[in-house]
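This report describes the domain arrangement, sheet and helix packing of one protein model. The sequence and structure are shown first.

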Amino acid sequence: MRKGLLIVVSGASGTGKGTVCKKILADLPEVAYSISATTRKPRPSEIDGKEYYFLSVDEFKAWIAEEKFLEYAEVYGNFYGTPLNKIEERLNRGEDILLEIDVQGALNVKRKCPDGVYIFLLPPSLEELKSRIEGRGTENPESLARRLKNAVAEIKIGLEYDYAVVNDTIDNAAEQIKAILTAERLKVARNAEKFDFKEGF
Ligand code: ADP
Ligand code: 5GP
């Protein structure tokens, strides 16, 4: 059986990762979303156990001690982590799993899982990035400034990824990611069993 794809999507805050990933998940029911844990407070529309598992710092530290994370990182003063949650077994069963995580976490995952698919989402411009974060209305001026200040350095780390997708429109970005997934599923290295013809004539 084909092993599932471990799909990792990163990009500077406000690029539209959450929005584009939601579309991918709606369009591709065979892809499962890895729900991260975080110590950040929920935004008004967010539900515990859906967008994130919202934990206290003590709870998060307990999960670290219990080795419950594939990776974790501190991002903008909060902890975020990918629960192990049987990821390896699920991939071996053929499930595709999508992780939407920051660059530090993604590079850690890449070291552990080099056959994952690493996709970096780029904003069309820094001006557009700023107006998207402002438009989302979730950041105070200090946190907005911090995210923008970090964006250029974060984007440079995208050079370590496999694919660069510009989020100009949600539909374009989602289509491009779907094209990447189609190509990845067709890689010879992932399809050795299809070559297993027996001499029959
Ligand atoms: P991220 O998850 O990368 O921090 P979000 O998905 O929260 O970003 O998107 C940030 C804001 O930009 C949201 O208000 C979202 O509706 C908007 N947005 C996302 N993608 C696009 C796009 N292609 N064009 C215009 N606005 C977008
Ligand atoms: P936000 O607070 O806007 O939801 O996310 C802030 C940043 O944390 C984003 O870059 C997002 O990709 C990242 N993030 C979300 N979940 C995880 C995770 O499990 N691990 C890591 N390393 N980063 C995460």
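How many salt bridges does the rule find across the interface of domain 1 and domain 2? The rule finds 1 salt bridge across that interface, where a salt bridge is a side-chain nitrogen of Lys or Arg within 4 Å of a carboxyl oxygen of Asp or Glu.

This is a predicted model, in which local features need pLDDT of at least 70 and side-chain atom pairs count only at pLDDT 80 or more, whereas totals for chains, interfaces and linings use all residues. Residues are numbered from 1 along each chain as its sequence is written, chains are lettered from A and ligands numbered from 1 in the order in which they are written, and side-chain values use heavy atoms, with hydrogens and water left out.

**Domains and their interface**

Domain bounds come from an automatic or database domain assignment. The table gives the two domains with the residues that each brings to the contact (heavy atoms within 4.5 Å).

| Domain | Bounds | Share of the contact |
|---|---|---|
| Domain 1 | 6-34 + 95-192 | 19 residues |
| Domain 2 | 35-84 | 13 residues |

The C-alpha centres of domain 1 and domain 2 lie 19 Å apart. Between them the domains bury about 1,400 Å², with 51% of it on carbon and sulfur atoms; buried area is the accessible area (1.4 Å probe) that two parts lose on being put together, summed over both. On the side of domain 1, Ser34, Arg146 and Arg147 lose the most area to domain 2, together 29% of what that side buries. A salt bridge joins the side chains of Arg43 and Glu139 at 3.5 Å, N to O.

**The four-stranded sheet**

Helices (H or I, at least four residues) and strands (E, at least two) are DSSP runs, numbered from the N terminus. Two strands pair if DSSP finds at least two bridges between them. An open sheet of 4 strands follows the order S4-S3-S6-S5, with mixed pairing. Strand S4 (52-54) and S5 stand at the edges with a single partner strand each, so one side of each has no neighbour in the sheet. From one strand to the next the twist averages 25°, with axes fitted as lines to C-alpha atoms and angles running from 0 to 180 degrees between N-to-C directions. Strands S3 (residues 36-38) and S6 (residues 78-83) run antiparallel and are joined by 2 bridges; Tyr80 in S6 is the bridge partner of Thr38.

**Helix H4**

Helix H4 (residues 103-112) has Val103, Gly105, Ala106, Leu107 and Val109 buried, that is, under 20% relative accessible area, with exposed over 50% and partly exposed in between (1.4 Å probe, protein chains only). The cover over the buried residues of H4 includes strand S1 (6-10), strand S7 (96-100) and helix H6 (141-157).
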